[in-house]
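Reader: Hey, got a minute to go through a structure with me? I'd like to talk about what holds it together on paper.

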Amino acid sequence: MENYMNKLVSVIIPVYKVEKYLSRCVDSVLKQSYNTLEIILVDDGSPDGCPKLCDTYSAKDNRVKTIHKENGGLASARNAGIEVCTGDYIFFIDSDDWLSDENVLFDFVNLAEKNNADFVYGLMNTATDMKVIEQKFNNHFFNQRLFFLSNPYLFSAWNKLYKRSLLQYLHFAPGRVNEDVDIIPLVFCKAEEVLMLNRPTYNYYQNYDSITRKAFSEKRFDMFKSVAHAYKSFLGTNQEKSVFCENIFGFQLFSVYIAILKNTRGNERKRFLLQFCSLLRDNKFNDFFRWAFLCFFHNESITKRIKKLAALFFLRVFYFANNLDYKIDIWGQND
């Protein structure tokens, strides 16, 4: 057995109102063939049976630690886990998701140690209550940067192995939607070696009660604040990484655009698109957005209907973003 099997991996699992799913998540970690683990369950003031379930796991397995705290949101829960973790590596899992098989963490650590990687990410499956849809890497899709950009979930904190040296950059902004945007591009730029594990390692459960699936809220415009804040960190850095991160930012902004199209209608859509375009122009993010639009069409998980809708509004968005005096009627009355 390789000597890196003694490298401790801290698995941080924020827990809130997931009594139905928590055992599936935690059990998938406990069953890992790589067992040098520190599993940190952060009970974020959950009002259901989750606190008791967390304590049960801690009593049964000494690798499991439970933190009980007042509700502060996902970012606050992740930060609480980071503060107490002691691992050589850090790995995040959302509590309604689960690892795809028992060798996931072994493969992550194996790849990281053999290549001295600071940051390793894997592919993910999309899961519902009915089935798991496996994601496959297209060998003809040789541009890894384009692959990264066309898969928005790769910007999430979960399903990634972080070396402890990156810990100083892993601090999530409480109270924001998509708080990961402040973190992942920064980690990518600071990492000396970034690798992809070319297989599905994570089952992402599409929970339709999730905040990101509710009616569109102006809080989604926090993305502009996150991108503007994070972009300042990359000015003057390695040119290749800087360009890569600009593209990441563009795709994140584009996700807000798609959320508006999917979740709004009529005058409400006009209002949000007007606000979106104003922010796009004021922050000089037009080029970011244009590149993201091209990457968007490489994402096979996006339905044809949404792609058509995006294309319909795309040129209008750019005309309007650059000509704010143009009439709001440009958006039209039809979906």
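Author: Below we go through cysteines, nonpolar cores and salt bridges. This is a predicted model, where local features need pLDDT of at least 70 and side-chain atom pairs count only at pLDDT 80 or more, while totals for chains, interfaces and linings use all residues. Residues are numbered from 1 along each chain as its sequence is written, and side-chain values use heavy atoms, with hydrogens and water left out.

Reader: Cool. How many disulfides does a search of the whole structure find?

Author: Zero. A disulfide here is a pair of cysteine sulfur atoms within 2.5 Å.

Reader: Why no bond for C50?

Author: Because the closest cysteine sulfur, in C54, is 6.1 Å from the sulfur of C50, which is too far for a bond.

Reader: And is C50 buried or exposed?

Author: C50 is buried, since its relative accessible area is 0%. The cut-offs: buried is under 20% relative accessible area, exposed is over 50%, and partly exposed is in between, with a 1.4 Å probe and protein chains only. C85 is buried too, at 3%.

Reader: Switching to the nonpolar stuff: how many residues are in the largest core?

Author: It has 65 residues, and I13 and F92 have the most contacts inside it. A nonpolar core means buried Ala, Val, Leu, Ile, Met, Phe, Trp, Tyr and Cys residues joined through side-chain atoms within 4.5 Å. Another core, of 16 residues, lies apart from that one, and F254, I258, A259 and L261 are among its members.

Reader: What does I13 touch?

Author: Leaving aside neighbours within four places in sequence, I13 is in contact (heavy atoms within 4.5 Å) with C25, V26, V29, I39, I40, L41, V42, I93 and S95.

Reader: OK, charges now. How many salt bridges?

Author: Seven in the whole structure, counting a side-chain nitrogen of Lys or Arg within 4 Å of a carboxyl oxygen of Asp or Glu. One of them pairs D94 with R78, with the closest N and O atoms 3.2 Å apart.

Reader: Are those two buried or exposed?

Author: Both D94 and R78 are buried.

Reader: What about R199, which partners does it have?

Author: R199 forms a salt bridge with D101, closest N and O atoms 2.6 Å apart, and with D107 at 2.8 Å. R199 lies in strand β9 and D107 in helix α4, so that pair ties together parts 92 residues apart in sequence. Helices (H or I, at least four residues) and strands (E, at least two) are DSSP runs, numbered from the N terminus. Shared partners join D101, D107 and R199 into one network.
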